[in-house]
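Got the structure open in your viewer? Here is a tour you can follow one selection at a time.

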Amino acid sequence: MRSSHVKFYQTGTFTVGNRLLDDADRSVQAAVERTNSLNSGHRACQGCGEALGARYAIDAAMRATDNQLIAANATGCLEVFSTPYPETSWQIPWIHSLFGNTAAVATGIAAALRVKGHNETRVVAQGGDGGTTDIGFGCLSGMFERNDDVLYICYDNEAYMNTGVQRSSATPPTARTATSQVVGPEPGNVFGQGKNVPLIAMAHEIPYVATASVADVRDLEDKVTKAMSIRGARYIHILVPCPLGWGSAPHDTVKLARLATESGLFPVFEAEHGEVTDRCRIRRKVPVEDYLKLQRRFAHLFKPALKSDVIAQLQGLADRNIRRFDLLAREED
Amino acid sequence: MLKQIEGSRAVAEAVALCRPEVICAYPITPQTHIVENLGQMVKGGEVDHCEFINVESEFAALSVAIGASAAGARAYTATASQGLLFMAEAVYNASGLGLPIVMTIGNRAIGAPINIWNDQQDSMSMRDAGWIQLYAETNQEAVDLHIQAVRLAEELSVPVMVCVDGFILTHAFERVDIPGQTQVDDFVPPYEPRQILDPADPVTIGAMVGPEAFTEVRYLAHYRQMQALWLIPELAEEFAEQFGRSSGGLLHEYRVEGAETLVVALGSVNGTIKDVVDQMRDDGIAIGSVSVTSFRPFPAKRLRQCLSGGKRIVVIEKSLAVGIGGIVSTDVRMALAGAGLPVHTVVAGLGGRAITQQSLLNTLSRAHRDVLEPLTFLDLRHDVIHREIERLETQRRSGPVAENILRELGSVADRIG
């Protein structure tokens, strides 16, 4: 991955790293020509990971297509906070139809563009984890299977945040949500459930699948740019921390995304036609506790008593990801 | 050109003549032959500039049509029964967004018990979804209504369902006049969308609307359907001039002059009703009928004009509002508010049960003699019902009702002929 080729002198913020890059490689986000696909004034919460991820992703897609871009958006936080009638934050043609049909709507847009001969105009579909991994899953799988020319972006904050933090199939084990409460013998969300949609996307053998996080927006931009250079069905799954649902400080959004990736809980990788082609290596592996303890949804693992066995189980999931996706940095990296 | 073809093929040819740009296909009986035919025509190059998309569900079918329509393409799909219910959320959405999609419904019963045969419960379940609903009486009218529907939908920016009785029409081979391409092109101009997803002029479609504007947005949906009340007859008139035959419009009257008993129905059953009307007129009974083509918008005023001269109204309907009775008849009563006419509901033809001339004759004669109850079920097997009710009352674990009824009736083979 392009962003992993640069050796930052510290494991830290992207801004520090950006100064080390050649001008051509630096992020354009701070430049005046920034497109601001998702303009200021929207109603996302402070520290919203989804707003951050969406702006970087769609800005990158706009640059990659010379602004010839149309977006279809699932019902959810992103839709609600960006388009309270009669206001809109979107600088691109944008449609919201339903919660569960976004991939299909995008397929329809792509078909219309093809039949009209507007081959230069491209389509992005976007939704949260609920709209993607649960209710929108059938339409998503159909779009993948037909290899429709759509980039689908899932902003994964690991629960139904818009309706008040309910469990989704992307909610991690032990996490507290309104429908996986901290009561009973297995407090929070249970182990052994949930689905890994990036892997399912890969099983459709679509041309491009990637995961990314808002901790490394340059990597995210690169992946969106790459995705837009490919025709056919593409999927990018972005981890976007949610201060409200996770019970975290708004200023910790980026930090949490980084800890999720550096612990191995959220593997960042790329795959083409069903095979993993690259991954973001973990240069300094952190224990899962570092990630968990900053979030109130996991508070029951630490108080009233430290639940070392449960934390060890979560560490086991992280370690499995590290093995499975070969995430640890090697000497030659 | 006159052709002896299956109803589904005729509908497919009519749709193809309207130059659709995106067609979404998902199989469900009895609509399937329509999209099969279209798929063949598109793949074989008979339809230019058209994308035929095999989707994974009816929900996706209409959702793809929504995306295509919003991006400026003329979009079409077809469904029936469970498929229409499965796409229900998208049905409301398409009209809410004002997208002029045309969809054929091959009318079929809704389960459970699962039943593939014709009635109109499916489209009736979507009567309030904001779509214009047109019901074809014959396959010729099915063809003509599709051509008119595209024009109607696009002029008003409202989606239109063309409802065609499953099997009775969709699978019937009969003579149909399929118009020529130039003729249809003259009637249906290229699609000029009111709103379009275009990077050159970005708009946001589908924003969240709160209480401050929701009523107004909904009112405008109603307003557009009220506009359709004059546009539908206007288009039918224009169609008659260009194509030389009368099809569509709000409703068709049949021998209503001086009629004391007036029958109201939707769709293909009007053929049988007309035969019965003829028979009864021959016997000197003052009876006539009205075939309602446009159920949404409901032509209340026009219907009142047709019916108010009568003494009693009988609505024959292929659907049931469980717990109250009729669906169409409720609207007919609304149209006749204050007229003081009795409106009888006759629920008939559910799940494909044949509506025979003899049964209609008996029922309408009873109505004419003013001895028909307000709500009746045509050819209901009272003996079977009573035995099942008795079983339900005496046995707690009485078992699945549908299976019990079938057992009562004996084997399928016994019931044929």
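**First stop: the end of a helix**

Start by selecting B:Gly244, the residue that follows helix H9 of chain B and has a positive phi, near 75 degrees. Keep in mind that what you are looking at is a predicted model.

Now step back into the helix itself, residues 214-243 of chain B. How far apart are the end C-alpha atoms of H9(B)? They are 41 Å apart, which agrees with the 44 Å that 30 residues should span at 1.5 Å a residue. Zoom in on B:Leu229 and you'll find a kink of about 35 degrees, shortly before the proline B:Pro233.

Next, pick out the buried residues of H9(B): B:Gln225, B:Ala228, B:Leu231, B:Ile232, B:Leu235, B:Ala236, B:Phe239 and B:Phe243. Look at the spacing as you click along. An α-helix has 3.6 residues a turn, so residues three or four places apart point the same way. What do the buried residues of H9(B) pack against? Their partners are S6, H7, helix H8 (181-187) and S13, also of chain B.

**Second stop: the seven-stranded sheet**

Two of those partners lead straight to an open sheet in chain B, whose seven strands come in the order S3-S2-S4-S5-S7-S6-S13, with mixed pairing. Select S3 (51-54) and S13 (294-296) to see the edges: each has a single partner strand, so one side of each is left without a neighbour in the sheet. From one strand to the next, the twist averages 20 degrees.

Go to the S13 edge. Strand S6 (residues 132-135) and S13 of chain B are antiparallel, paired over two bridges. Show B:Gln133 and, opposite it in S13(B), B:Arg296. Then add helix H7 (residues 139-156) of chain B, which packs on the sheet and touches S5 (102-107), S6 and S7 (160-165). The direction of H7(B) makes about 170 degrees with that of S7(B).

Move along to helix H3 (residues 58-70) of chain B, lying across S2 (22-25), S3 and S4 (75-79). H3(B) runs at about 165 degrees to S4(B).

**Third stop: strand S5 of chain B**

Select S5(B) by itself: six of its six residues are buried. In a regular strand the side chains alternate between the two faces of the sheet. Which residues of S5(B) sit on which side? B:Val102, B:Thr104 and B:Gly106 are on one side, B:Met103, B:Ile105 and B:Asn107 on the other, and both faces are covered.

Now bring in the neighbours. S4(B) pairs with S5(B) in the parallel sense over four bridges, and B:Thr77 stands opposite B:Met103. S7(B) is parallel to S5(B) too, with six bridges between them; here, look for B:Val102 opposite B:Val160.

**Fourth stop: another covered strand**

Jump to strand S15 (residues 343-347) of chain B, where five of five residues are buried. B:Val343, B:Thr345 and B:Val347 point one way, while B:His344 and B:Val346 point the other. Strand S14 (residues 312-317) of chain B runs parallel to S15(B) and is joined to it by five bridges. Show B:Ile316 to see what stands opposite B:Val346.

**Fifth stop: where the chains touch**

Colour the two chains separately. How many residues of chain B are in contact with chain A? There are 38, and they touch 37 residues of chain A. S3, H3, helix H5 (88-96) and strand S9 (204-205) of chain B each supply at least two residues of that side. Its largest share, nine residues, comes from H3(B).

Cross over to chain A and select A:Tyr155, in strand S4 (residues 151-156) of that chain. Is A:Tyr155 buried or exposed? It has 29 other C-beta atoms within 10 Å, so it is buried. Its contacts beyond four places in sequence include A:Glu50, A:Leu78, A:Gln126 and A:Ile238. Also try A:Pro241: it is 86 residues from A:Tyr155 in sequence, yet 9.3 Å away in space, C-alpha to C-alpha.

**Last stop: zoom out**

Show the whole of chain B, with its 16 helices and 16 strands. Its radius of gyration is 22 Å, close to the 22 Å that the globule rule gives for 417 residues, so chain B is as compact as a globular protein of that length. Its C-alpha atoms fill a box of roughly 70 × 55 × 55 Å along the principal axes, and 51% of its residues count as buried.

How values were computed. Residues numbered from 1 in each chain as written. Chains lettered and ligands numbered in written order. Predicted model: local features only at pLDDT ≥ 70, side-chain atom pairs only at ≥ 80, totals over all residues. Pairing = 2+ DSSP bridges. Axes fitted to C-alpha atoms, helices over the stretch in contact; angles between N-to-C directions. Contact = placed C-beta atoms within 7 Å. Expected span 1.5 Å × (residues − 1). Bend = angle between axes of the 7 residues up to and from the residue. Buried ≥ 20, exposed ≤ 12 C-beta atoms within 10 Å, placed from the backbone. Rg over C-alpha atoms; globule rule 2.2 N^0.38 Å.
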